[in-house]
Amino acid sequence: SNVLEYLHIPFQHVDERILKEMGREADFTQTYDLIKSIKEVAPHVVLFTDFICGFPGETEEEFNKLAEFVKTDECFNYYLINIISSLTLLYHKFVYI
């Protein structure tokens, strides 16, 4: 077929406190469980997402939780392989000035 099976799911973050601060009503765990179910039924579907790091009030622990998710997640397709080192450098540069 000539149709790309593609879904963009903008999670924004993996930490529930940060999501609440962002005004997001979705529960990360429930939504991610749904995504895993989609991949089980349709493993060929391409999934993309985006995350916001450095959100005002984000702690280092919350940032590390997001970074660990990106490093270990197997459902989404990521463009940048070395994004964690870049994000860590940016995080430390702007949060700890």
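## Exercises on burial and helix packing

V14 counts as buried, at 5% relative accessibility (buried: under 20% relative accessible area; exposed: over 50%; partly exposed: in between; 1.4 Å probe, protein chains only). The model is predicted: local features need pLDDT of at least 70 and side-chain atom pairs count only at pLDDT 80 or more, while totals for chains, interfaces and linings use all residues. Residues are numbered from 1 along each chain as its sequence is written, and side-chain values use heavy atoms, with hydrogens and water left out.

**Exercise 1.** Locate V14 and list its contacts beyond four places in sequence.

*Solution.*
1. V14 lies in the loop between β1 and α1; helices (H or I, at least four residues) and strands (E, at least two) are DSSP runs, numbered from the N terminus.
2. Apart from neighbours within four places in sequence, V14 is in contact with F28, F51, K65, L66 and F69, where contact means heavy atoms within 4.5 Å.
3. The C-alpha atoms of V14 and D27 are separated by 9.2 Å, with the two positions 13 residues apart along the chain counted as their separation.

**Exercise 2.** Establish whether H13 is buried or exposed, and identify the side chain with which H13 forms a polar contact.

*Solution.*
1. H13 belongs to the loop between β1 (6-8) and α1.
2. With a relative accessible area of 0%, H13 is buried.
3. Its side chain makes a polar contact of 2.6 Å with that of E58 (a pair of N or O atoms within 3.5 Å; within protein, one must be able to donate a hydrogen and the other to accept it, and residues adjacent in sequence count only if both atoms are side-chain atoms).
4. Beyond four places in sequence, the contacts of H13 include I18, L19, M22, F28 and L66.

**Exercise 3.** Which residues of α2 are buried, and how are they arranged about the axis of α2?

*Solution.*
1. The 14 residues of α2 reach 20 Å from first C-alpha to last, close to the 20 Å expected at 1.5 Å a residue (the expected span is 1.5 Å times one less than the number of residues).
2. F28, Y32, I35 and K39 are the buried residues of α2.
3. Viewed down the axis of α2, they fall within an arc of 55° and so line one face of the helix; the arc is that of the directions from the helix axis to the C-beta atoms.
4. These buried residues pack against α1, β2 (46-48) and α3.
5. The face turned away from the buried side carries exposed Q30, L34, E40 and V41.
6. At the N-terminal end, D27 caps α2, with a side-chain oxygen 3.2 Å from the backbone nitrogen of T29.

**Exercise 4.** Apply the analysis of burial to α3.

*Solution.*
1. The end C-alpha atoms of α3 are 18 Å apart, in agreement with the 18 Å that its 13 residues should span at 1.5 Å a residue.
2. E62, F63, L66, A67, F69 and V70 are buried in α3.
3. They occupy an arc of 155° about the axis of α3, so they line one face of the helix.
4. E61 and K71 are exposed on the other side.

**Exercise 5.** Identify the residues with the most contacts inside the largest nonpolar core.

*Solution.*
1. A nonpolar core is a set of buried Ala, Val, Leu, Ile, Met, Phe, Trp, Tyr and Cys residues joined through side-chain atoms within 4.5 Å.
2. The largest such core has 16 residues, and F28, Y32, I35 and F76 have the most contacts inside it.
3. At least two of its residues come from each of α1 (16-21), α2 (28-41) and α3 (60-72).
4. Y32 touches F11, F69, D73, E74, C75 and F76, residues up to four places away in sequence not being counted.
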